[in-house]
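Me: Pull up the model and walk me through its pockets and the ligand.

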Amino acid sequence: MVTGGAAGIGEAIVVRLVEEGARVAIADIDGERAHGLAERLGGQGEKTLAGRVDVSVLPEVADFVERAVRTFGRLDGIVNNAGVAVPGSAENISEADWDRVMSVNLKGVWAGMKYAIPHLRAAGGGSIVNMSSVQGLVGFPGWAGYAATKGAILSLTQQAAVEYGPEHIRVNCIAPGTIMTPMNQRIFETAPDPQGLIASWNSSHALHRFGESSEVAAATAFLLSDDASFVTGSCLRVDGGLTVLGPSGEAS
Ligand SMILES: NC(=O)c1ccc[n+]([C@@H]2O[C@H](COP(=O)([O-])OP(=O)(O)OC[C@H]3O[C@@H](n4cnc5c(N)ncnc54)[C@H](O)[C@@H]3O)[C@@H](O)[C@H]2O)c1
């Protein structure tokens, strides 16, 4: 199951997993787009199952997990990817924005874990991948609430890895750098100087470019697979070297 699977990084993950032969349940608040993707990839109930799910509403997550298990017979993994980018510094973010980013990004990840874990246990084990961000590891001005959710996702991942490791349930997270998705397109469209912002974000990565959604999907497929059988509690940085880049300029 992939939450936020209808667009951006989530869509690339769904495509990659279907290519790898998995049957994938696509949960997204944009039900129409999720259904369109499911149809494109081989039809509902065969390779895919789409549902309109708001990850911040627990009964919707619970119902869709049950539907996925009824349709496919079992659950081997969940990718808790749905998230929203809500800007605002600690002093400026409104209470409504704070509550919204917490409820989608953090409560949504917890909800996916809560309802998936019993089925992963029933399957004899499984893999959970939670979508954190470089913003959970280092600070960026203007993103207090968003960063707090991404740091908390890392802590929740580590805690659950310890708690469920004995039951063969692996729990990892991914910290993407800047990936060109609808989320970032919206940020660039509303920036006063989009080209300047793109250039500065490009140069903040050691690889001097943004990442592709398919590159995050490849890392996710690895963490879900048996190739990662001894990997749990980790945070895989798929960030083009953003978090290891020091000050620019060469030593003289
Ligand atoms: N794009 C980046 O540069 C970047 C970097 C680091 C981390 N991330 C994280 O990766 C994840 C995906 O980001 P993206 O850039 O693909 O975003 P996106 O906005 O392009 O796509 C997000 C998807 O999630 C869905 N969604 C939003 N709210 C939802 C809800 N309440 N319930 C269910 N689905 C919901 C949207 O409909 C959409 O299909 C997010 O958690 C984001 O924080 C993105």
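Reply: A pocket is an open set of points on a 1 Å grid over the protein atoms alone, where a 1.4 Å probe fits, with protein on both sides within 12 Å along at least five of seven lines; lining residues have an atom within 4 Å of a point. Volume is the space filled by probe spheres set on the points. The model is predicted, and its local features need pLDDT of at least 70, side-chain atom pairs 80 or more, while lining totals use all residues. Numbering starts from 1 along each chain, and hydrogens and water are left out of side-chain values.

Me: How much space is in the largest pocket?

Reply: About 1100 Å³. It has 45 lining residues, and Gly83, Ala85, Tyr146, Thr181 and Met183 are the closest to its centre. By class the lining holds 24 nonpolar, 15 polar (Gly counts here) and six charged residues.

Me: And which residues come nearest the ligand?

Reply: Asp28, Asn81, Tyr146, Thr181 and Asn184, out of 30 around the ligand (a heavy atom within 4 Å). Those 30 divide into 15 nonpolar, ten polar and five charged.

Me: Which backbone atoms does the ligand contact?

Reply: Polar contacts are N or O pairs within 3.5 Å. A ligand nitrogen is 3.0 Å from a polar backbone atom of Val55. Ligand oxygen atoms lie 3.1 Å from one of Met183 and 3.4 Å from one of Gly177.

Me: Switching topic, what lines the second largest pocket?

Reply: 28 residues, with Leu17, Ala22, Asp76, Gly77 and Leu224 nearest its centre. The second largest pocket contains about 680 Å³ of space, and its lining has 14 nonpolar, eight polar and six charged residues.

Methods. A polar contact is a pair of N or O atoms within 3.5 Å; within protein, one must be able to donate a hydrogen and the other to accept it, and residues adjacent in sequence count only if both atoms are side-chain atoms.
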